[in-house]
Each structure stands twice: as structure tokens, then as C-alpha cells.
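Here are a few notes to read with the model open beside you. I have kept them short and grouped them by region.

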Amino acid sequence: MSTHKRLFLFAGYDKDCIIDDALIYYVKNLSKYGDVVLCMDCDCQKSEIEKIKEYTIHTIAKRHGEYDFGSYKRCFRYAHDKDILKNYDYLYLVNDSVFGPMFDISKTLTDIENMETDATGLIISKHKTHAFMESWFVCLDKNIFMSDWFADFVSSVQPQQYKYEVTVKYEHGLTNLIKDNNHTFNGLYTVYGRETYNNPKYLFKHGCPFIKKLSFNRHNGALGMQIQYILNHCNKSVTTSVIKTANRLYGKEYMNWFLTYNPLKVLWRNIKYGIKKLKNGGI
């Protein structure tokens, strides 16, 4: 096991204000490899926080409406005020927009930290004019997270009216600031457009240990066979936690429909999705 010391700043949210099995599974697994500070952007009861207390060094559960970067801000503030940042080699920004890890992440962490860059996203997303680190799993070296500019950036997070403004200002903004301050960045995986959501099976087969939750309700449910493949190739504990949470989030009836093996049904879902896209202005 690596001797590097890691601090995970974990941003969470739940519409029902609970700490569910999938979140506990994720945080528990991270805690094997470093310290976790968790901030939920929702008002959780004390009994909910107790479920996860043993796996974190600090947990905050208060609605703030600033999305994931608002939670990162609060986690960072705790670590800064406690003067513990200097104790770590790497600072990770992670959130619960994914299910997993679907398998042990020790190799993933080692591969990320061996990239020899100042910042490494698990996934780099490339678009026509720019590339950025997807902010749901990012590793920052000490020369970034101990810098004044990074502290100023995190501390400056404010509520935005629309979610896409958060993406542009903070997710893209972090990558841009890293470049502007003459630091290097890279990603363990590179995707184009929305491949993180649309090709979970491909990423899984190439070693990515997470599934984006959005994959469960994209493309008219046509990604069900990909998700079923992944779940069939994971241990029972992670599969159970994913299914239990997905049943609550999307409904048991939907999940039974979604996880079909019937290729004809999947083909029809793709056709209906394509028709819908064409009606809405083109694919």
C-alpha cells in the first residue's frame, strides 16, 4: 500500500436527506486510503450522520445550495482552520455523482499519483475548444492545495443561479486556474463530449472504478445493458448497495425495466431516443 498521505474532500447530496448504503460504501472505501471530510448539501438528522461517522474525520450536513464546490469549500475550510493540510501529500476532490467504487481503487489511486502532474483528474473531458478535469474525482499535489491562489479560489465559491454556471465558473475554472498558475494537469482517462455518461461499460472495462449516476436515466433507458454488464462483474456488496440506492432514486419498477437483457427492447429505446432528439432540434 502507498505510504502517501491523502485527504479526501467529499461533496454529497441526497434529495431525501439521508446517508444511504451507496454513500456509506463509497466513503468507507476511501477511508482505507486516507482521511475523509464529508459535506452534505442537505440537512441530515444526527442519526443519519452517525451511520458514517466512523469513516470520516469530520462530517457537515447543512443545506447551502452551492453544489459540489460549495461542499468542497466547507471541507477545505475545516482542514485549513484545523491546520491539517500540511500533513498530506495529496488532496482529492470527490463527489457522489457516481456509484462505486466497483472494485478496489488502490491501483487507480497509484496510477493517478504516478502521472507526474500537479493535478490529475480521473477523467479529462475534451470538447471542440477546450479540455477540463471532471471535478467529481480530482487529485491535487501539495504545491497546488497549499497555495494562496487555490485557497482564494475555493473560498470564493458562491451560489449560482444555474448549474451550468457552476460547471463553467468552477469546474472549468479550476482547470483554467491551474494552467494560469503554470501548473500541469492531466487525466487517467480521456473522453469526448458526454462519453463519461454514455459509455460506462467501455470505461469500466478499461479500469475506471465508477459509474456516473446519470447513466441510469440517459438515452431513454438504453444504457441498461451496459450497467447490467458492470454489475454482473462486481462483487455482491457493491452491487447490492448500487441496486438498493438506485431503486430508491429511480423506482424499483423503472430499475426492473432498465436492467433488461433484451437487445430488441434496447434497440427500440435507442430509436425512440433518436427520434426525440431529432424532434428537439437534431442529434
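1. A word on terms before we start: a patch is built from residues with over 30% relative accessible area and no salt bridge, and nonpolar side chains are joined into one when they lie within 5 Å. Please keep in mind that this is a predicted model.

2. With that in hand, have a look at Tyr-162, Tyr-164 and Val-168, which together form a nonpolar patch of about 340 Å² on the surface. Tyr-162 sits in the loop that links helix H6 (148-155) to helix H7 (163-180). Is Tyr-162 buried or exposed? The answer lies in between: its relative accessibility is 42%, so Tyr-162 counts as partly exposed.

3. Next, the two helices on either side of that loop. How do H6 and H7 run relative to each other? Their axes approach within 11 Å and cross at roughly 170 degrees. Angles over 145 degrees count as roughly antiparallel, and H6 and H7 are therefore roughly antiparallel to each other. On the H6 side, the contact involves Trp-149, Phe-150 and Phe-153. H7 contributes Lys-169, Tyr-170, Gly-173, Leu-174, Leu-177 and Ile-178.

4. Finally, do visit Lys-142, which belongs to helix H5 (residues 142-145). Its relative accessible area is 31%, so Lys-142 is partly exposed. Which residues does Lys-142 touch, leaving aside neighbours within four places in sequence? They are Leu-85, Lys-86, Tyr-88 and Asp-89. You may also like to check Asp-118: its C-alpha atom is 8.0 Å from that of Lys-142, with the two residues 24 apart along the chain.

How values were computed. Residues numbered from 1 in each chain as written. Predicted model: local features only at pLDDT ≥ 70, side-chain atom pairs only at ≥ 80, totals over all residues. Heavy atoms only, no water. Patch = residues over 30% accessible without salt bridge, like charges linked within 9 Å, V, L, I, M, F, W, Y side chains within 5 Å. Areas by Shrake-Rupley, 256 points an atom, 1.4 Å probe, with all protein chains shown as cover. Salt bridge = Lys/Arg side-chain N within 4 Å of Asp/Glu carboxyl O. Helix = DSSP H or I, 4+ residues; strand = E, 2+ residues; numbered from the N terminus. Buried < 20%, exposed > 50% of the residue type's maximum accessible area, 1.4 Å probe, protein only. Axes fitted to C-alpha atoms, helices over the stretch in contact; angles between N-to-C directions. Parallel < 35°, antiparallel > 145°, perpendicular 65-115°, else oblique. Contact = heavy atoms within 4.5 Å.
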